[in-house]
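Me: Could you walk me through this fold, one question at a time? I'd like the reasoning along with each answer.

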Amino acid sequence: MKIKSYFSHTVEDAMAMASQELGADAMLMNSRKAPPEARHLGEYEVVFATGSPGAADALPEAAAAALSSPPPMGDRLSKEVAELKKELEGMRRAITRSVFASAPWAGAPPDLSDACALLASSEVAPELAREIVQAAEARMVGPSGKRAPHPADRAAFQRALVEEMEARFAVQPALGRGESRTRIAALVGPPGAGKTTTLVKLAVNYGLASRRPVLLLSMDNYRVAAAEQLRCYAAILGVGFQLLETVAALAQAIEENRGKELIFIDTPGVAAGDMDSAAALAQFLSARADIDTQLVLSSSMKSADLSHVVDCFEIFGPQRLLFTKLDETGSFGPILNEATRTGKALSFFGTGQRIPEDLQAASRSSLVDLILKGQRGQVLSAA
């Protein structure tokens, strides 16, 4: 088995170099910004592995060991930047909490106003935050119509708050619809949301890792680089790839490949104000009961912009919401806002640029933990 890093000014160039040298059997293990001491070799580092068939079972462990020890200088710099971002985010949240906590609604006990301020600091919509807090309070009311007395108050209210938040949204970390053996998933969304990268992560984690036959279809003929990037990924992963120009061609490709267990459809990024350009594709996807259309969204978008984009993409008939770039924000309330507002289930979370590691199945507990930042026992005061 052989593990090798390729450096280049673009990820696509590095992938092309690896494909030429290592062949179609090469497996993409990681892609990231090159560490400072290697930046002169290229802006990006892409890691590949290849070896004999007998070494296949040892590949994940060996690759994990190789990737878990980045250059010391790059590792230290990344940690310092991450710590600085956490400090700044903590300051912002503290300021937001103090503003909201200074104006509690009439008659509200301190623990309720503190909880509402905490949710608001994560950009949970004010009305939704108040509804959640009041419902959590109602969960604590016993047969007598009174709350449990202090000191049981604090712990009971914290548990009730978590339970109420988790009850407000659904999660469905799945691909495909119905009972068909062939699972078809289409990723749609605005430009820059991370559809292509997420598609490759899904293909590796839910296709190749389970030894399922996978096919990648691309409708993104607007950006030349996008189709070539996906074609290169497909070559490295050893899966089928087709670039399609029309909806009719897409329908035909699906029918011709019913033998595949997983079919992924990559679509062009569509701006909210340019929906007319994707009308035919939107009509096709929304009418197909066998295609699981998932709307890919960046979690770093402002809440108002996020709602506008979700509403615009309703013409595609998405069944689930998939959020990316969780590593680029510290405010996760907008995810809860949209899941609650639309009633659409959350499927997966993209947590970084690494392929295929930075992808996780959405769960209620993980989102609630992100919103509360693990401060359940520290920020809610007793009545």
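**Around the sheet**

Reply: Happy to, beginning with a pair of strands: β9 (residues 320–324) and β10 run parallel and share three bridges. Pairing here takes at least two DSSP bridges between two strands, and helices (H or I, at least four residues) and strands (E, at least two) are DSSP runs numbered from the N terminus. Bear in mind that this is a predicted model, where local features need pLDDT of at least 70, side-chain atom pairs count only at pLDDT 80 or more, and totals for chains, interfaces and linings use all residues. Residues are numbered from 1 along each chain as its sequence is written, and side-chain values use heavy atoms, with hydrogens and water left out.

Me: Which hand does the crossover from β9 to β10 have?

Reply: Between these strands the chain passes through helix α12 (residues 333–342). The test is to point the strands away from the viewer: a path from the first strand over the helix to the second that runs clockwise is right-handed. This β-α-β crossover is right-handed.

Me: And on the β11 side, which residue is the bridge partner of Gly350?

Reply: β10 is joined to β11 (residues 359–361) by three bridges, and the two run antiparallel. Gly350 has its partner in β11, and that is Leu359.

Me: Is β10 mostly covered or not, and how many of its residues are buried?

Reply: Buried means under 20% relative accessible area, exposed over 50%, and partly exposed in between, with a 1.4 Å probe and protein chains only. Strand β10 spans residues 345–350 and is mostly covered. The count of buried residues there is six of six.

Me: Which strands stand at the edges of the sheet?

Reply: Eight strands make an open sheet with mixed pairing, ordered β6-β5-β7-β4-β8-β9-β10-β11. The two edge strands each have a single partner, so one side of each lacks a neighbour in the sheet. They are β6 (240–243) and β11.

Me: What angle does α7 make with β7?

Reply: Helix α7 packs on the sheet, touching several strands, including β4 (183–188), β5 (214–218) and β10; contact means heavy atoms within 4.5 Å. Axes are lines fitted to C-alpha atoms, for helices over the stretch in contact, and angles run from 0 to 180 degrees between N-to-C directions. For α7 and β7 (262–266), the angle is about 175°.

Me: Is Thr197 buried or exposed?

Reply: Thr197 sits in α7 (residues 195–206). Leaving out residues up to four places away in sequence, Thr197 touches Gln353 and Ile355. Its relative accessibility is 18%, so Thr197 counts as buried.
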